[in-house]
Amino acid sequence: MRVYVPLTLPGLAEAHRTGELGTGPFVAYAVTPALREWYLSDDIEELEYAALNRAALASLRLLAADPGAMRRRVVVAVDVPDGTAAADPDRGLDPAALGEVRVAGTVALAKAAAVHVDSDDAEQDVTAAAVALEAADGGDDDAQFVVDGAEDHELLWYATQEIPNLVGTDG
């Protein structure tokens, strides 16, 4: 099962240092039955893109909680054995939890398929979105518009061999 793990650049640096993503159980996003139902699609690529975007929003939440982190959303795509990731049945239909899964145990960063990170030109919009997130969660339409502005930026794809460059440990 492909899961999308939301991080920040400091979180990615820690995963690179330790070689591990999370110390389970940890939250990730995947194509779950609730996500399929919500998006009304059978196209796996569309559904995986939706799960990636859910993880990007979770990364934005991590940024809002860490004012010192560089303002770039980070998502690691990793394949885990079936049964390792499971959706919480009590949160399955909660729109805030669409695609959310708990990954049991620790996952080696070496198992990652790719890393997705905002480009430099997204930094201003991501910064504004992190500030506006709490108000958007409270129903403020103007704040939601700001959060949506960050979502307009596509995350860039990086091979796992590029992680040292992303986290600044390339020697």
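# A guided tour from strand 4 outward

Select Val 74, which lies in strand 4. Keep in mind that this model is predicted. Val 74 is buried, with a relative accessible area of 0%. Now show what surrounds Val 74. Leaving out residues up to four places away in sequence, Val 74 touches Val 5, Pro 6, Leu 7, Thr 8, Leu 9, Leu 12, Ser 59, Val 115, His 116 and Val 117. Pick Val 117 from that list. Val 117 is 43 residues from Val 74 along the chain, yet their C-alpha atoms are separated by 4.6 Å.

**Next stop: Val 76**

Stay in strand 4 and select Val 76. Is Val 76 buried or exposed? Val 76 is buried, and its relative accessible area is 0%. That follows because buried means under 20% relative accessible area. Which residues does Val 76 touch, not counting those up to four places away in sequence? The contacts are Val 3, Tyr 4, Val 5, Leu 7, Leu 12, Leu 21, Leu 109, Ala 112, Ala 114 and Val 115. For a longer look, add His 16. His 16 and Val 76 are 60 residues apart along the chain, and their C-alpha atoms are separated by 12 Å.

**The strands beside strand 4**

Select strand 1 together with strand 4. The two run antiparallel, joined by six bridges. Label Arg 2: Asp 79 in strand 4 stands opposite. Then colour strand 1 by burial. Five of its six residues are buried, so strand 1 is mostly covered.

Now select strand 8 with strand 4. These two pair in the antiparallel sense over five bridges. Find Ala 77, then find Ala 114 in strand 8, its bridge partner. How many of the six residues of strand 8 are buried? Five are, and strand 8 is mostly covered.

Move on to strand 9, residues 156-158. Three bridges join strand 9 to strand 8, and the two run antiparallel. Label Val 115 and look across to Tyr 158 in strand 9, which stands opposite.

A general point helps when viewing side chains here. In a regular strand the side chains alternate between the two faces of the sheet.

**Around strand 6**

Select strand 6 and bring in strand 3. The pair is antiparallel, with four bridges. Ala 28 stands opposite Val 101 in strand 6. Add strand 5, residues 85-86. Strand 5 also pairs with strand 6 in the antiparallel sense, over two bridges. Here Ala 85 stands opposite Val 103 in strand 6.

**The nonpolar cores**

Show the side chains of Val 3, Val 5, Leu 12, Leu 21, Val 76, Val 103 and Val 115. Of the 26 residues in the largest nonpolar core, these touch the most other members. Which elements give two or more residues to this core? Colour them in turn:

- strand 1 (2-7), helix 1 (9-18) and strand 3 (26-29) are among them;
- strand 4 (74-79) and strand 6 (100-103) are also included;
- strand 8 (112-117) and helix 6 (163-167) complete the set.

There is also a second, separate core of 16 residues. Select Ala 34, Ala 51, Leu 52 and Leu 98, which are included in this second core.

**A loop stop: Thr 8**

Go to the loop between strand 1 and helix 1 and select Thr 8. Thr 8 is buried, with a relative accessible area of 8%. Apart from residues up to four places away in sequence, Thr 8 touches Leu 62, Leu 63, Ala 69 and Val 74. Val 74 is where the tour began. Next, add Arg 61. The C-alpha atoms of Thr 8 and Arg 61 are separated by 9.7 Å, with these positions 53 residues apart along the chain.

**Last stop: two crossing helices**

Arg 61 also belongs to helix 3. Select helix 3 (residues 44-65) and helix 4 (residues 123-137). Two packed helices are described by the angle between their axes and the distance between the axes. Here the axes come within 9 Å and cross at roughly 95°. Helix 3 and helix 4 are therefore roughly perpendicular to each other. Show the residues where they meet. From helix 3, take Leu 57, Leu 60, Arg 61, Leu 63 and Ala 64. From helix 4, take Val 126, Ala 129, Ala 130, Leu 133 and Asp 137. What classes make up this contact? The contact of helix 3 with helix 4 has eight nonpolar, no polar and two charged residues.

Key
Residues are numbered from 1 along each chain as its sequence is written. This is a predicted model: local features need pLDDT of at least 70, side-chain atom pairs count only at pLDDT 80 or more; totals for chains, interfaces and linings use all residues. Side-chain values use heavy atoms; hydrogens and water are left out. Axes are lines fitted to C-alpha atoms, for helices over the stretch in contact, and angles run from 0 to 180 degrees between N-to-C directions. Angles under 35 degrees count as roughly parallel, over 145 as roughly antiparallel, 65 to 115 as roughly perpendicular and the rest as oblique. Contact means heavy atoms within 4.5 Å. Ala, Val, Leu, Ile, Met, Phe, Trp, Tyr, Cys and Pro count as nonpolar, Asp, Glu, Lys and Arg as charged, and the others, Gly among them, as polar. A nonpolar core is a set of buried Ala, Val, Leu, Ile, Met, Phe, Trp, Tyr and Cys residues joined through side-chain atoms within 4.5 Å. Buried means under 20% relative accessible area, exposed over 50%, partly exposed in between (1.4 Å probe, protein chains only). Two strands pair if DSSP finds at least two bridges between them.
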